[in-house]
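Hi,

Here is the two-chain model I promised to pass on. Have a look at it first, and my notes on what turned up follow below.

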There are 2 protein chains.
Amino acid sequence: MMEKTQIVEIIRSRRSIREFLADPVEDSIIEEILEAGRWAPSGLNNQPWRFVVVRDREIAGLLAGCTRYSSIIYSAPLLIAVFLDRDVMYDHTKDVQACGATIQNMLLAAHGMGLGAVWLGEILNQKDEVMDILNAPGSLELMAVVALGYPAAGSNRSSERRDISGITSKERFGNPWK
Amino acid sequence: MMEKTQIVEIIRSRRSIREFLADPVEDSIIEEILEAGRWAPSGLNNQPWRFVVVRDREIAGLLAGCTRYSSIIYSAPLLIAVFLDRDVMYDHTKDVQACGATIQNMLLAAHGMGLGAVWLGEILNQKDEVMDILNAPGSLELMAVVALGYPAAGSNRSSERRDISGITSKERFGNPWK
């Protein structure tokens, strides 16, 4: 077991990384990331997530054409497209939450292993094109593309969050936590 | 930094815990869990999650009446209701994913600190009643209730996941990962 709050420190120190070294990501590391993804919780344990791992530069180039963050996609040696499989869906909201949980697991695993990553959502504006490029059947719904790699120097930007007191109530809404 | 794959081991060893000891959860532990929650990523960093921490037994009893998993709620000394704040929403799907990420962060933090937890989604069937009990304004949307506490002996049930090969394609959908 880790020291008590070490997991929280990993969670807290993770930031979106948008610039990467050219170094490829080893298969064994990718499998640890996928392993983290597949152990997310889901309603009725339906595991609605599906992954496409993209390292091919030609395919990555096509995907770069689907987002205004193309420079991130060109920089990243590894992409993981995450889909919701509507064939196993039981509740769209809960299944979308589960996809959020699997993505977060992968981001944390990447960070914990020294990689950087960023969750790309803007690419959903061109989801049909992404589906075509990746040969995804109509039963799938694109949830996000995660770009990963070893972080370039200086790629760790600051980021802020609201204080706990600004988002948390005690017992009933509106009653301050502290 | 942790050993390379320790974060993955934390992720992999987490299970839903549905029976708890009566021991209360200290404020400092709750704050670590909330800290983990607030550091989730969100689109445009809009942080759409809102939390209500419930320990009051009377309120917990009312919430127990909103789900067929009332025994879990009675057993748990701590509940965290998670809401999406529609006032800061920018894209419902992405914001629901972000709520999934914040819930997963809290589940992992709890597990990493020796607590057990379970993500309750079935209670969404009675979301209006939950909103009333917790005085939640109509601008909020209930995402889940997380039940937490120190795990009772024998509460760690087995759970399975599909193999990586069953959920992952290489380069394009349908092309096996391995």
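How many residue pairs are in polar contact across the interface of chain B and chain A? The rule finds 42, counting pairs with both residues at pLDDT 80 or more. That cut-off is there since this is a predicted model, so please read everything below in that light.

Which parts of chain B do the touching? The elements that give two or more residues to the side facing chain A are helices H1 (6–13), H2 (27–38), H3 (57–64), H5 (92–112) and H7 (164–167), together with strands S1 (49–54), S4 (140–149) and S5 (168–170), of chain B. H5(B) supplies the largest share, with 14 residues. If you sort that side of chain B by class, you get 40 nonpolar, 17 polar and 22 charged residues.

On the overall numbers, 79 residues of chain B contact 79 residues of chain A. The two chains bury about 7800 Å² between them, and 60% of that is on carbon and sulfur atoms.

Some of the charged residues pair up across the interface: there are six salt bridges between chain B and chain A. One to pull up in your viewer is Lys178(B) with Glu31(A), where the side chains meet at 3.1 Å, N to O.

There is also strand pairing between the chains. Strand S1 (residues 49–54) of chain A runs parallel to S5(B), with three bridges between them. Within S5(B), Thr168(B) is the residue opposite Phe51(A).

Now the symmetry. A turn of 180° with a shift of 0.0 Å along the axis lays chain B on chain A, at an RMSD of 0.0 Å. The two copies are therefore related as by a two-fold rotation axis. Both copies use the same surface, too: 100% of the contact residues of chain B recur in chain A.

Last, the salt bridges as a whole. Over all chains the structure holds 18 of them. A pair inside chain A is Arg86(A) with Glu141(A), whose closest N and O atoms are 2.9 Å apart. Arg86(A) is in the loop between strand S2 (78–85) and helix H5 (92–112) of chain A, while Glu141(A) belongs to strand S4 (residues 140–149) of chain A, so this salt bridge ties together parts 55 residues apart in sequence.

Shout if you want to go through any of it together.

Cheers

Definitions and conventions. Residues numbered from 1 in each chain as written. Chains lettered and ligands numbered in written order. Predicted model: local features only at pLDDT ≥ 70, side-chain atom pairs only at ≥ 80, totals over all residues. Heavy atoms only, no water. Contact = heavy atoms within 4.5 Å. Buried area = accessible area lost by both parts, 1.4 Å probe. Salt bridge = Lys/Arg side-chain N within 4 Å of Asp/Glu carboxyl O. Polar contact = N/O pair within 3.5 Å; in protein donor to acceptor, adjacent residues only side chain to side chain. Helix = DSSP H or I, 4+ residues; strand = E, 2+ residues; numbered from the N terminus. Nonpolar A, V, L, I, M, F, W, Y, C, P; charged D, E, K, R; others polar. Pairing = 2+ DSSP bridges. Least-squares fit on C-alpha atoms with pLDDT ≥ 70 in both.
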